[in-house]
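Here is a short report on one protein model. Keep the sequence and the 3D view open while you read.

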Amino acid sequence: MIEVKNLSKSYGDFRAVDDVSFVCQPGRVTGFLGPNGAGKSTAMRMITGLTRPSSGTATIGGVNYADIPNPASQVGVLLDASAQHGGRTGREVLTIGAQTMGLPSARVDEMLALVGLTPKEAKRRVRNYSLGMRQRLGIAHALLGDPRVLILDEPANGLDPAGIHWMRQLLREYANRGGTVMLSSHLLHEIQIIADDLILIGHGRIVSMGTKDDLLRTTGSRVRARDNAALIRAMQAAGLEAVQTSDAVTSPATPEEVGLAAAAAGVPLLELREADGAGLEAKFLQLTADDQRDVIAAEGALA
Ligand SMILES: Nc1ncnc2c1ncn2[C@@H]1O[C@H](COP(=O)(O)OP(=O)(O)OP(=O)(O)O)[C@@H](O)[C@H]1O
């Protein structure tokens with residue numbers, strides 16, 4: 001089990017991770033979802049002892065990562081798939097890992113087969129690997145010591161849809177054997193496919209968490225007006241979150257709240273309905289939209 005309590009990290013007066021608490025349970029795949037810059041990697045680096053927290057604690061099986069004896073046999077970590085030495089072959093990377101952990105070389109072949117890297121691919125230098133192949137190699141490396149806990153930062157990055165389904169299968173079987181998996185992603189649909197539990201983080205803070213089924217059941221509204229911009233202004237004036245998607249506006253608010261806000265502002269609606277999963281989607285889109293506004297504002301300030 002991974003247990004994080006009131007974890008914070010500040011860089012100067014900027015809070016990259018702000019008072020975050022959660023648990024990742026054995027037998028479950030926990031997805032850590034947030035837009036770019038939300039604080040996912042920083043939190044994972046603190047859990048794995050690479051970054052010192054400003055305050056709070058993070059333990060794995062009740063122990064700080066730094067205090068775990070032979071940690072690679074307890075916790076498999078993949079934080080940066082491109083961190084491997086580019087001049088080594090995939091097989092060499094795993095062989096060095098196996099030797100460091102005192103494992104037989106047969107374990108290397110087992111892991112290569114598990115992640116679907118062929119003997120020919122294993123002989124290629126890592127600098128010539130695609131991102132998807134690096135991710136597979138990174139996962140093989142994380143699994144070498146047969147750990148009970150896996151911590152993977154954006155492992156699906158660079159995988160094609162078939163690769164994502166392959167990973168779901170792999171992590172599902174791992175969790176079914178009692179393993180604990182924490183994985184991050186900045187893509188909602190990706191994490192929806194893979195995770196059992198979800199933690200949504202934005203601006204260093206937890207916005208929502210729970211089982212995927214519960215969170216996806218959180219209903220919100222999907223609404224369309226002839227003038228969606230006017231609708232969004234009306235909703236925001238009423239204190240409701242509103243995000244424009246490709247063809248509609250979504251919100252975690254109820255249809256009644258949306259209808260009243262639109263009526264108060266005299267905005268005629270074309271469609272208004274309750275939508276499963278819209279609550280989570282709207283919260284996530286809102287975080288992403290906030291960040292895009294921040295970027296646009298910063299670029300404007302520089303211009
Ligand atoms: N060493 C550092 N010094 C200063 N700021 C940092 C440092 N490391 C991270 N940050 C900032 O902390 C915030 C969170 O970064 P982090 O890498 O944890 O986000 P993330 O959710 O993993 O994003 P991504 O999906 O882009 O990887 C960002 O604004 C980042 O610029």
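The sections below go from the overall fold to the ligand shell, the core, the helices and the strands.

## Overall picture

This is a predicted model. The protein has 11 helices and 13 strands. Its C-alpha trace spans about 70 × 45 × 40 Å along the principal axes.

Of the 303 residues, 43% are buried. Contacts often reach far along the chain. Among those between residues at least 6 apart in sequence, 71% join residues at least 24 apart.

## The ligand shell

Which residues surround the ligand? They are Tyr 11, Ala 16, Gly 34, Asn 36, Gly 37, Ala 38, Gly 39, Lys 40, Ser 41, Thr 42 and His 186. By class, the shell has three nonpolar, seven polar and one charged residues.

Helix α1 (residues 40-47) supplies the largest share of the shell, three residues. This helix is mostly covered, with eight of its eight residues buried. They are Lys 40, Ser 41, Thr 42, Ala 43, Met 44, Arg 45, Met 46 and Ile 47. Just after α1, Gly 49 takes a positive phi of about 75°.

## The nonpolar core

In soluble globular proteins, nonpolar side chains tend to be buried together. Here the largest nonpolar core has 83 residues. Ile 47, Ala 140, Ile 151 and Leu 231 have the most contacts inside it. Helix α5 (residues 131-143) gives the largest share of this core, six residues.

Take Ile 151. Leaving out residues up to four places away in sequence, Ile 151 touches Met 44, Ile 47, Thr 48, Val 75, Val 77 and Met 182. Met 44 and Ile 47 are among the buried residues of α1.

## Leu 137 in helix α5

Leu 137 lies in helix α5. Why does Leu 137 count as buried? Because 26 other C-beta atoms lie within 10 Å, and the cut-off for a buried residue is 20 or more.

Beyond its neighbours within four places in sequence, Leu 137 is in contact with Gln 84, Gly 90, Val 93, Leu 117, Val 126 and Tyr 129. Two of these partners, Gly 90 and Val 93, are buried residues of helix α2. Tyr 174 sits 37 residues away from Leu 137 along the chain, and their C-alpha atoms are separated by 17 Å.

## Helix α2

Helix α2 covers residues 90-100. Its buried residues are Gly 90, Val 93, Leu 94, Gly 97 and Ala 98. Seen down the axis of α2, they fall within an arc of 130°, so they line one face of the helix. An α-helix has 3.6 residues a turn, so residues three or four places apart point the same way.

What does the buried face pack against? The buried residues of α2 pack against α3 (106-115), α4 (119-122) and α5. On the other side of α2, Gln 99 and Thr 100 are exposed. Just after this helix, Gly 102 takes a positive phi of about 70°.

## Helix α10

Helix α10 runs over residues 255-264, with Val 258, Ala 261 and Ala 262 buried. Down the axis of α10, the buried residues fall within an arc of 95°, so they line one face of the helix. Glu 256, Ala 263 and Ala 264 are exposed on the other side.

The buried residues of α10 pack against one helix, α9 (228-237), and against the strands β10 (220-225), β12 (249-251) and β13 (269-275). Just after α10, Gly 266 has a positive phi of about 70°.

## Strands and pairings

Strands of a sheet pair through backbone hydrogen bonds, either parallel or antiparallel. An open sheet of four strands has the order β11-β12-β10-β13, with antiparallel pairing. Its edge strands are β11 (243-244) and β13, each pairing on one side only. Inside the sheet, β10 and β12 pair over three bridges. Arg 222 has Thr 250 in β12 as its bridge partner.

Strands β8 (residues 197-202) and β9 (residues 205-211) run antiparallel and are joined by six bridges. Ile 199 stands opposite Met 209 in β9. How many residues lie between the two strands of this hairpin? Two residues separate β8 from β9, and His 203 in the turn has a positive phi of about 50°.

Methods
Residues are numbered from 1 along each chain as its sequence is written. This is a predicted model: local features need pLDDT of at least 70, side-chain atom pairs count only at pLDDT 80 or more; totals for chains, interfaces and linings use all residues. A residue is near a molecule or strand if its C-beta atom, placed from the backbone, lies within 6 Å of it. Ala, Val, Leu, Ile, Met, Phe, Trp, Tyr, Cys and Pro count as nonpolar, Asp, Glu, Lys and Arg as charged, and the others, Gly among them, as polar. A residue is buried if 20 or more other C-beta atoms lie within 10 Å of its own, exposed if 12 or fewer, and partly exposed in between; C-beta atoms are placed from the backbone. The arc is that of the directions from the helix axis to the C-beta atoms. Two residues are in contact if their C-beta atoms, placed from the backbone, lie within 7 Å. A nonpolar core is a set of buried Ala, Val, Leu, Ile, Met, Phe, Trp, Tyr and Cys residues joined through C-beta atoms within 7 Å. Two strands pair if DSSP finds at least two bridges between them.
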